[in-house]
Every structure is written in structure tokens, then in C-alpha cells.
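Q: Could you walk me through one part of this model up close, and then show me what else is worth looking at? I'd like the plain details, with any cut-offs spelled out.

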Amino acid sequence: MMSKVRRKQIMEALSSNKRTDDRGLEDVRNIEIRCGIVPNADGSAEVRLGKTLTIAGVKMNIGVPFPDTPDMGVLIVNAEFLPIASPTFEPGPPDENAIELARVIDRGLRRSEMVDLKQLCIIPGKAVWEIWVDIHALNHDGNLMDASAMASVAALLTATLPKAAVNDKGEVTLDKSARQKLPIKGVPATITVAKVGDKLLIDPCLDEEEIADAFLTMTFIGDKTCSIQKRGEKALSIEETLRCVNIARKKVEELVNAVKEATGYGKN
Amino acid sequence: MEAKNLALISPEGLRIDGRKPDEIRDIKMTVGVLENADGSAYVEQGNTKVYAAVYGPREVHPRHLASPDKAVIRCRYHMTPFSVEERKSPAPSRREIELSKVIREALTPAILLEQFPFTVIDVFVEIINADGSTRCASIIAASLALASAGIPMRDLVAACSVGKVNGVLVLDVTDTEDKHGEVDMPLAMMPNRNEVTLLQLDGVLSVEELEKAIAMVSKACRDIYERQKNALKAKYLEARKVN
């Protein structure tokens, strides 16, 4: 629950197209990305978006492919909103919000075909690489969705896996001294637009999130959309929905560049 | 998962079940099918078969979930173990938890919750047989069940999916089209208010294609909306006959 005073403050700022932290409606908070901070993970990244802090870790192991995609690696995203991140989060299995976040990020990564899963097949139908992306929220100040998506992308871009080979007995052997990067086809960006009152704004902080009517989370690969999720208890007009898409579209390059810079992707 | 070489559109431009790209399947809607519920509906859209029941407004248990200024709405989307090809465990999957949330959020904007503080409205959706677009059929059925429970609403919620198969935008995707096609995008709206209450995209679309798909599916929602109104009217005409 938010105080009426705070709500009034936010709405008044918005009425002159301002935010209480002096941002414009289409400004993202300061982004800090740190990669490779978890030595025991195969890939990791911590993203700070304003005061929001989230960490994504990648772990890989050899597993069995899904029966309908015998020649493709497996990508699984899981998210935990632990009590460390917010006074409103409780311990226990992921709630609907954490499950939704993980599934939305999963669809964005999968549909953007960021990781070439075909190249992660070792023995068709028998052995493939399984990539686990685990997201842990550490401090919740709004927009965990975009911060976690960015952390997942950065962790995947910097992840390395041992070289796998098949010996004469048909067994999979791993060469842990020869680690290589994941096969990457492109870098997606996930952007959430929130509707607060009659304004559309990006990267909502927690207070803005609490009084928002609805959200539209979009993942882009290049200039195409590959995943959308409308969230929130109120509706968006069709015209607002299309405006959200166009607002988000303009931010793709900025976010992709931030991730590329932090991960060094595309430089070698 | 990925676009396969399966021919989903014939050389004549028809789909595997013979429909035109902008054609929806036959929909059968029946209101008031479960006696114990305050409102209920059954929807059959091709081979997708769904029951929805509404209980409430009623007392909230556990009590701390109650809200002093409006009714709480709870929603459970659930698939019967036999509704899909391989038996599904009856325990709620991550997919079902996500769908329960988005269906609840698709219905909430339509309900005048402020009129029933300290109460809960429970919406239960049971998928009897799944053949694509189950969340849309669930929303159609749940909104009919809410209306038939006499809960005051701003509008009915209609829903339909649009997909892309073999490069063609198609309405009301079946399970095969969903699995082998490129895109699935369900949308729910309140047609009379022209407002979107659910939108999910799973697959790659250019912004121009997205705009076209939204226009196409919102037109289909208006068509489904008329059928929903007729189904509600049919129930009351029948009630008059009995008395």
C-alpha cells in the first residue's frame, strides 16, 4: 500500500511528463552490468537498474533432449523472488509473479533464437547440452522483468562450456580445459512499458509499478518483436498497445548496446 | 518449437482443417450448465472443450486475503489429465499457474469489484479437451459464467488467437498449427470499450505484421462477442419458457 501523498507526488510529476527521480517518461534508469562475478557458474551477470538489483547464473550439463526436438539443446529459465529482495517477498516455491517472469524471459530468449540450440546437440535424441538460467532478485525497486532479462542475456553471452566429444564406445567425454563460448545468433532486448494514469512510461520504479494500471513487456530481436506479455489488473486500449510497441522499439538499440559493451560481445 | 516443413496451408490457401486463414472454428456456447455454481458456462470451439464456473461473491478464506475496498478475484485454469495427448499430471504446472494469472487479469478489468468489498469471486476453468487456443476459450467461458452469476460487469470479455503458419496470418489456431507454426498470439478484449485485457505474443513478428494481426484478431473478438451475447440471451429465453 502506498501513501496518498506519494501517489499524488508521482501523478503530479507525470502530468508535466516528469518522474519523481527527474527522468523523462522514456528514460531508463542508470544501468550497471557486471559479468562473470560467480566463479563456480558457467556464466553469470549482475544487473543494477537504478536501485533494482538482480543476478542471473548459467549452469550447463549434459541431458536428454525433448522428444519433439531431438537435435536441439535445452534452455530452461527459473526465477526466485526471495525475501532478501523485498519486505513483501516470502520464502517458498516461486509464486505466480516469479513463474510469469521466468516464462516471459524464457519465451523471449527462445523465440529470439539468441542461443543456437541446434549446435548444442551432441548425440541426436540422446545427449544434448542443458542450459539452466537461474534468476535471483536481490533488491526489488521495480522492473525486475527488464533487469532480469538483461542479466540473463549478459550471463549467456559470457558463459562458456567445456568441449564435448563422443568416444568410440559412444560415450560423451568432456574436455574441461578447452572451454568455448555459447553459439550466439543475436542479442535480444526486453522492454516494459507501464501505463500510469493516462501516461505511458518505461522502466517503472517500484512506486510507479504499484500505481500502474497495466504493463506491456516486449522482447525485440533486431526490429522485430518475438515475445509480448500484457500484465496488470487494468486494460489498455488498442491504440495504447500499439503506442507501447513503438515506445519500446526506440529503446532496443540503447539496451542492446549496454549489454554488448558490458559483455564485450561482438568485439572479437 | 520451430517452423517445420509441414504444409499447414494448401496451394489453394486453405488450412489443414479446411478453414480460410481468417475463419474461426465453430463455437458452441452454453450458459448455466453446472447447478452448484453461481454462474457457469460450457464452450466448445472445434475440439477445444472448456467448462467455467463462478462461485461468489462470497466470504474470503483465508480472511487476511480480503480487501476493504473491493472484491478479490481468484482464478484457476486447470487441465484434466486426459485433455492432452500424453497424460498430464493433475498438479498445477508452471504453465497453468501463469495462465491462471493472465486469465484473471483478462477478466478483472471487466468486473465492478468495488461493489463487493470483503468478498471473493472464484473463477474455475477446467479444460476437458485441448486443441489449441484453450486460454481464449477459457476467457470466453469464464466471462459468460461471470455474467450468468449476475455479477455487474463493464462489458463481456471476448478472446481469440491469431497465429502465423507458413508465413500466413491465421485466426483461432489449433494445436497442430501452434506446434508447427511460427507464431501464436492470444488476445482478449472488451469489444464495446475497445480495450485489450490480455495480449501474449510467442513468436517473431515485424511491427507491421503485429499491427495487422491485432486488427484481424480484434475483428474476430467482435464476432465472438455477438455470439456470447446470444448465448446469454438464449439462457434467459429458456428460463422464461419453463415458468
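**A serine in a helix, then a sheet and its helices**

A: A:Ser152 lies in helix α3 (residues 144–158) of chain A; helices (H or I, at least four residues) and strands (E, at least two) are DSSP runs, numbered from the N terminus. This is a predicted model, where local features need pLDDT of at least 70 and side-chain atom pairs count only at pLDDT 80 or more, while totals for chains, interfaces and linings use all residues. Residues are numbered from 1 along each chain as its sequence is written, chains are lettered from A and ligands numbered from 1 in the order written, and side-chain values use heavy atoms, leaving out hydrogens and water.

A:Ser152 has a relative accessible area of 0%, so it is buried (under 20%; exposed is over 50%, partly exposed in between, with a 1.4 Å probe and protein chains only). Setting aside neighbours within four places in sequence, A:Ser152 is in contact with A:Ala56, A:Ile105, A:Leu109, A:Val133 and A:Ile135 (heavy atoms within 4.5 Å).

Over in chain B, 5 strands make an open, mixed sheet in the order β1-β2-β3-β5-β4 (strands pair if DSSP finds at least two bridges between them). Its edge strands, pairing on one side only, are β1 (27–31) and β4 (72–79) of chain B.

Start at the β1(B) edge: B:Ile27, B:Met29 and B:Val31 point to one face and are buried, while B:Lys28 and B:Thr30 point to the other and are not. β1(B) runs antiparallel to β2(B) over 5 bridges, and B:Met29 has B:Val43 as its bridge partner there. At the other edge, β4(B) pairs with β5 (residues 119–129) of chain B in the parallel sense over 8 bridges, with B:Tyr77 opposite B:Val125.

Helix α1 (residues 94–107) of chain B packs on the sheet, touching β4 and β5 of chain B. Helix α2 (residues 134–148) of chain B also packs on the sheet, touching β1, β2, β3, β4 and β5 of chain B.

The two helices meet each other too: α1(B) and α2(B) pack at about 45°, with axes 10 Å apart (axes are lines fitted to C-alpha atoms, for helices over the stretch in contact; angles run from 0 to 180 degrees between N-to-C directions). That's why α1(B) and α2(B) count as oblique (under 35 degrees is roughly parallel, over 145 roughly antiparallel, 65 to 115 roughly perpendicular, the rest oblique). Among the residues that meet are B:Leu99 and B:Ile103 in α1(B), and B:Ile139 and B:Leu146 in α2(B).
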